[in-house]
Amino acid sequence: MFDAAIAAAQPALCLPPQLPPPPQGRLVVIGAGKASAAMARAVEDHWPGPLSGLVVTRYGYGVPCERIQIVEAAHPVPDAAGEVAAQRLLQTVQGLSADDLVLCLISGGGSALLPLPPPGLTLADLRALNQALLASGASITEMNSVRRHLSAIQGGRLAAACHPARVLNLLLSDVPGDHPIDIASGPTVPDPTTCADALAILRRYRIGVPPAALAWLESGDGESLKPGDPRLPRIDTRFIATPQGALEAAAVVARQAGFQVHILGDAIEGEARDVAKALAGIALQTARRGQPFQGPCVLLSGGETTVTLREHGPRGRGGRNVEFLLALAVALNGEPGIHALAGDTDGVDGQEEIAGALLTPDTLARAWALGLNPRERLDANDGHGFFEALGDAVITGPTLTNVNDFRAIVIQPENT
């Protein structure tokens, strides 16, 4: 099922049908995200005429292209290569005409891959901000609202630089709700949120920011480009792959194996361990009572949970998918007939080159036999360390796509 979800979101499959007719002028390709290089290759392989451009992707996610330059940078904490790439993207779209078309390839991860600080701020400021946001427990929508207002390229600013050329956004969604402004923090779409919204989020989660960043937001100088702004060109936005599509592809595999499938949601958010408790309750009721579903069945879900790191105590190797799965293991407590997988479709859970992990009914028993205390590991946010010790980590390598988190719970009661 996990393989099918990833395969359904491969740019080579889902991008070519969305390519536009050739423009009267030039075609310039730009983009950012973990899937942007694979998207660029799909464009090159299927575009009939001349083109040029540049995209930035995560280290290790590059794909060879002949006419589109591929630049790699750091994710999830930005680096100098990302800052230079963001500057080059702005330069790439300078001097275009109304006959030209900018094809913008955006996927998840672009927020960190385009770290271009506004006047008065530095890359170090943006790095510190990203680290604080990732540890705060804020949702991806809240994090990206802050990022858009502390950027010289996101929040519609890259689109404004394309004016007067037309812009066609091809988006590969990794965010709950598939909101364009939240994918890579919306560099080429208008943004209805405000600096006041960003300040409220920083206060809500008690996120400390450099004084220059606070002054930038309070002055209103960080305001993003709003719908109807005359500086924005003609913009068309299309989704080529979404979390829902990936879940539906996984559902086909489960049905072929004889399971009923229930998609619980493609946009589930909240603390990873809280989501795990809720889904464990549904799984246990299904296994023991046949409610609300009859087994054998599969419960699928997607979205983006959050992990709030502890301020004190030992610090483990986190990742929201393995945090969810470890909390699920604790809540299920070895219930027979329930297996699960949680993983990020981009192949990277948190900051580890590990997609996620597997859960079996004997996970806890095997952990105790190795001297691993599941609750202590959960308290230390050490999901990766826990599942690696058991040999149950799921490692895919770069998947060249990203439609966010994938969770599958397989329920096959012993009497079925």
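These points cover one sheet, the helices packed on it, and the cavities of a predicted model.

1. The sheet is open and has six strands, in the order 7-8-12-9-10-11. Pairing is mixed. Strand 7 (260–268) and strand 11 (393–394) are the edges. Each has a single partner strand, so one side of each has no neighbour in the sheet.

2. Strand 9 (residues 338–344) and strand 12 (residues 405–411) run antiparallel, joined by seven bridges. One pair to look at is L341 with its bridge partner in strand 12, A408.

3. Two helices deserve a look against this sheet. Helix 12 (residues 272–289) packs on the sheet and touches strand 7, strand 8, strand 9 and strand 12. Its direction makes about 25 degrees with that of strand 12. Helix 11 (residues 243–256) lies across strand 7, strand 8 (297–303) and strand 12. Helix 11 runs at about 165 degrees to strand 7.

4. The whole structure holds four cavities of 30 Å³ or more. The largest has about 80 Å³ of space. Its lining counts six nonpolar, four polar and one charged residues. Helix 6 (residues 123–136) gives the largest share, three residues. Among the lining residues are L114, P115, L126, R147 and Q154.

5. The second largest cavity has about 60 Å³ of space. Its lining includes A329, L332, E335, I338, T363 and L364. Helix 13 (320–332) and helix 14 (363–369) are the elements that give two or more residues to this lining. By class, the lining has six nonpolar, three polar and one charged residues.

How values were computed
Residues numbered from 1 in each chain as written. Predicted model: local features only at pLDDT ≥ 70, side-chain atom pairs only at ≥ 80, totals over all residues. Heavy atoms only, no water. Pairing = 2+ DSSP bridges. Helix = DSSP H or I, 4+ residues; strand = E, 2+ residues; numbered from the N terminus. Contact = heavy atoms within 4.5 Å. Axes fitted to C-alpha atoms, helices over the stretch in contact; angles between N-to-C directions. 1 Å grid on protein atoms, 1.4 Å probe; cavity = no way out; pocket = protein on both sides within 12 Å on 5 of 7 lines; lining within 4 Å. Points joined across faces, edges and corners; volume = space filled by probe spheres on them. Nonpolar A, V, L, I, M, F, W, Y, C, P; charged D, E, K, R; others polar.
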